[in-house]
Amino acid sequence: MKKLFMITVILTTLHIKAQEFTEQDTLRGSITPERAWWDLNYYHLDIEVKPDDKFISGTNTIRYKVLDKNQVLQVDLQPPLVIEKITQDGKNLTFESNGNAHFVRLEKSQIVGDFNEIVVHYSGHPKEAVRAPWDGGFSWKKDENGKHFVATSCQGLGASVWWPNKDHMYDEVDSMLMSVKVPKGLMDVSNGRLRKVDKDTNTYHWFVSNPLNNYGVNVNIGDYVHFGETYDGEKGTLDMDYYVLRDNLEKAKEQFKQAPKMMEAFEHWFGPYPFYEDSFKLVEVPYLGMEHQSSVTYGNQYGNGYLGRDLSGTGWGLKFDYIIIHEAGHEWFANNITYKDIADMWVHEGFTMYSESLFIEYYYGKEAASEYLLGIRKNIRNDRPLIGPYGVNKAGSGDMYNKGANILHTFRHIMDDDEKWRATLRELNEEFYHQTVTTKQVENYLDDKVEGDFGTFFDQYLRTANIPVFEYEIQDGIFKYRFTNVINGFAMPLKVEMAGKTDWISPSTEWQQKSLKGNDIQVDPNFYVDVKKG
Ligand SMILES: [Zn+2]
């Protein structure tokens, strides 16, 4: 019997909404007792993909370290895929299924500190992607020559849509081997480095030696050709490899010149690429693209912009290939620093959208970057908070991209020290190197870098959907100002132009005033506030 229960989540103090979540949401989105007692160490995903039948089958070996005594282990796999059997040390185990969650009863006594393995055998027709990568699964496509062109994508939906695993983000596997058997004449490209190819069976073995999040794991199957280069980076020689459809080789050689340019800019801002050991790759796919770790997938049709469009409307968005820059930016924010709970997804998308502006700044200057950020600000809806409800696999507002980037831009202008800002971004990638984090950790880290307490700043911008209104009046040489539409205690410094001079003020919710020579003031537009003159 399945029991449904409700969790009421207060989304904001001002917009109180009740949302219904199911037991399945909780089993997927929380660290259940059957997950908490073991620490992921290693996966060997060993599968055969049959594109003609849209069918997959194989095993995943899950190695884990016992943290606490427990005999029941949760593994996730979504129907219509079916678990055929689960074994430990060659012995069949029993398991009880509750939707996507399967509770395996272990017979061997689980001793704290031991490393044990289970092997999950499974097969079936996995969910087909409807609108990859957003509504993901398997994309079963064909290239222009009629050859199979297949790829997986599964952020949010969960990796358990195509392979059995511990489908929660808090625990990243330490290393992973992917063995993928594909029809003759096709190649599989997955994460990390190609260890070997079994010519007899046409099986490709890819190995990732760094911690990896579940949704980052991918298979891409096609009639690929390869080219590559080495990049002399901050941590030594980095292999950069590109896999594209045979017919697109010449176009790719031209367009992917942006990849080393990206690497130069992002190492400058964020520090060394986080996965030198695993190399960096761009892999062509039949959908727009995704930040799969060390195998960033690409489907932007070899043109600049976002499928040819400039999301900022300023012209700067056409100076670069959106998918190369954005998805590769995720190597630092998503793959290096990874959310523990998808509620904090703004940490991936806010920083990465912001990274686009830093790419622009590196090559075209600070003014250009500001124009880009102010341009994308027009796309913000302020419909709901950036942070979603925790524990139920639910992301916050889609504003996490444009607004997330503008929050960081505002924070940088509060800091008002470009070198310190760059150092902060680089240190952030050291502090949380290869870790999963919460918003709170990132927020506290940033807060410590500036004088004063910015708790209300983050509460306002991340946890409500309201933008501070800077309200002011000027009368008889007196400039009066305050913030409205804000939470209790909100205050933040603002840069203003007054009588031809730049000055700082510290508005709060209380009226303050100062004398003014001149008729009006100008709030620095880099600060994301609404301005209202009374
Ligand atoms: Zn993204």
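Q: Is E349 buried or exposed?

A: Buried means under 20% relative accessible area, exposed over 50%, and partly exposed in between, with a 1.4 Å probe and protein chains only. E349 has a relative accessible area of 2%, so E349 is buried. H330, at 0%, also counts as buried. This is a predicted model, where local features need pLDDT of at least 70, side-chain atom pairs count only at pLDDT 80 or more, and totals for chains, interfaces and linings use all residues. Residues are numbered from 1 along each chain as its sequence is written, and side-chain values use heavy atoms, leaving out hydrogens and water.

Q: Which protein donors does the zinc ion have?

A: Donors are N, O and S atoms within 2.8 Å of the metal (3.2 Å for Na, K and Ca); water is not among the atoms, so sites may look incomplete. Here they are H326 (NE2), H330 (NE2), and E349 (OE) listed twice, at 2.0 to 2.8 Å from the zinc ion. The donor residues follow the spacing H-x3-H-x18-E. H330 sits in the loop between helix 5 (322-329) and strand 20 (337-339) and E349 in helix 6 (residues 346-364), so the pair ties together parts 19 residues apart in sequence. Helices (H or I, at least four residues) and strands (E, at least two) are DSSP runs, numbered from the N terminus.

Q: How are two packed helices described?

A: By the angle between their axes and the distance between the axes. The axes of helix 8 (residues 402-415) and helix 9 (residues 418-431) come within 9 Å and cross at roughly 130 degrees. Axes are lines fitted to C-alpha atoms, for helices over the stretch in contact, and angles run from 0 to 180 degrees between N-to-C directions.
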